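This report describes selected features of one protein model for a reader who has not met it before. The sequence and structure are shown first, and the description follows.

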Amino acid sequence: GSRLLALVNGAAGDGNAQVLIDEAVARVFAPAGIEVEQVPTTHLGHARDYVAGLGEALYDFDGLLIVSGDGLIAEVIQGLSRRADAERALRDVPLGPLPAGSGNGLCKSIMHACGYEGEVEPLEVARLIARGGTRPLDLARIELSGASAAVPNPFTSFLSVSWGLIGDIDISADFLRAQLGAGRFQHSFTRRLRYPRLYHGELSYRPAALQADGAALPPLGQPLPAGWETLEGPFLTLW
């Protein structure tokens with residue numbers, strides 16, 4: 001039978017990740033003959049370091065279940081990206097997100113692509129994972145001007161990278177995670193509308209009319225190729 005490794009973030013969303021995976025195992029995975037090994041995550045970076053350090057044992061599993069929100073998915077992708085065999089790991093190890101977080105954008109996108117509309121039902125997601133179908137996922141490798149324990153440099157992104165208003169709302173809402181759960185985003189958005197900020201920065205881009213020369217993007221701090229445009233802040237919002 002198949003084996004899945006479940007990384008379970010008990011602090012995600014409203015705290016029901018453990019209940020969700022236990023129910024999915026009992027009602028979906030076990031009846032389908034799928035063995036699930038669980039690893040509860042205990043701190044920021046735990047899943048990243050665990051996946052990065054698994055060695056060849058990673059390939060003993062037919063996929064990774066990520067029982068959390070988009071944040072833990074990003075962490076797992078960072079862990080796979082850190083491995084010496086990163087290209088193989090990112091290509092050959094399927095990821096199955098079970099929605100237990102405040103933000104479940106990837107899971108919602110997958111279900112939409114499979115023809116499911118409305119609220120994402122965790123057990124329906126589990127059934128989809130149990131069927132074993134996969135589809136490729138585009139990743140973006142982002143070079144940053146700085147790094148932290150939570151955000152390495154370079155950073156591998158699977159959804160989007162935001163600066164300005166969207167990033168501000170996300171970061172400023174985090175301290176309300178335990179009190180408001182997903183509602184913290186609406187609270188932070190309303191507060192920022194009432195007390196707007198200016199965002200100071202510089203945005204450079206290659207105009208659509210400019211023919212791409214196939215060269216790699218210029219490193220941060222280096223001169224831009226001819227024809228590129230630059231906008232300088234401050235910006236009121238930047239999506």
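## Strand β3, a cavity and two cysteines

Gly-63 has its place in strand β3, which covers residues 63-68. The model described here is a predicted one. Gly-63 counts as buried, since its relative accessibility is 3%. Setting aside neighbours within four places in sequence, Gly-63 is in contact with Arg-3, Leu-4, Leu-5 and Pro-94. Gly-63 and Leu-95 are 32 residues apart along the chain, yet 5.8 Å separates their C-alpha atoms.

The next subject is the interior space. Empty space left between atoms is revealed by rolling a probe the size of a water molecule over them. How many cavities of 30 Å³ or more does the structure hold? There is one, and the space in the largest cavity comes to about 30 Å³. Its lining consists of Ser-68, Gly-69, Asp-70, Ile-73, Pro-97, Leu-98, Pro-99, Asn-104 and Cys-107. Sorted by class, these lining residues are five nonpolar, three polar and one charged. Two elements, α3 (70-82) and β4 (95-99), each supply at least two residues of the lining. Of the elements, β4 gives the most, with three residues.

Helix α3 is made up of 13 residues. From its first C-alpha to its last, α3 reaches 19 Å, close to the 18 Å expected at 1.5 Å a residue. The helix is mostly covered, with eleven of its 13 residues buried. Among the buried residues of α3 are Asp-70 and Ile-73, and both of these also belong to the lining of the largest cavity.

Another residue of that lining is Cys-107, which raises the matter of disulfides. A disulfide is a covalent bond that joins the sulfur atoms of two cysteines. The count of disulfides in this model is zero. Cys-107 is in no disulfide, and the nearest cysteine sulfur, that of Cys-114, is 9.8 Å away. Why does the sulfur of Cys-114 form no bond with that of Cys-107? The two sulfurs are 9.8 Å apart, and therefore too far for a bond, given that a disulfide requires sulfur atoms within 2.5 Å. The table sets out the accessibility of each of these cysteines.

| Residue | Relative accessible area | Class |
|---|---|---|
| Cys-107 | 3% | buried |
| Cys-114 | 38% | partly exposed |

Cys-107 is thus a buried residue that helps to line the largest cavity, whereas Cys-114 is partly exposed.

Terms used:
Residues numbered from 1 in each chain as written. Predicted model: local features only at pLDDT ≥ 70, side-chain atom pairs only at ≥ 80, totals over all residues. Heavy atoms only, no water. 1 Å grid on protein atoms, 1.4 Å probe; cavity = no way out; pocket = protein on both sides within 12 Å on 5 of 7 lines; lining within 4 Å. Points joined across faces, edges and corners; volume = space filled by probe spheres on them. Helix = DSSP H or I, 4+ residues; strand = E, 2+ residues; numbered from the N terminus. Nonpolar A, V, L, I, M, F, W, Y, C, P; charged D, E, K, R; others polar. Buried < 20%, exposed > 50% of the residue type's maximum accessible area, 1.4 Å probe, protein only. Expected span 1.5 Å × (residues − 1). Contact = heavy atoms within 4.5 Å.
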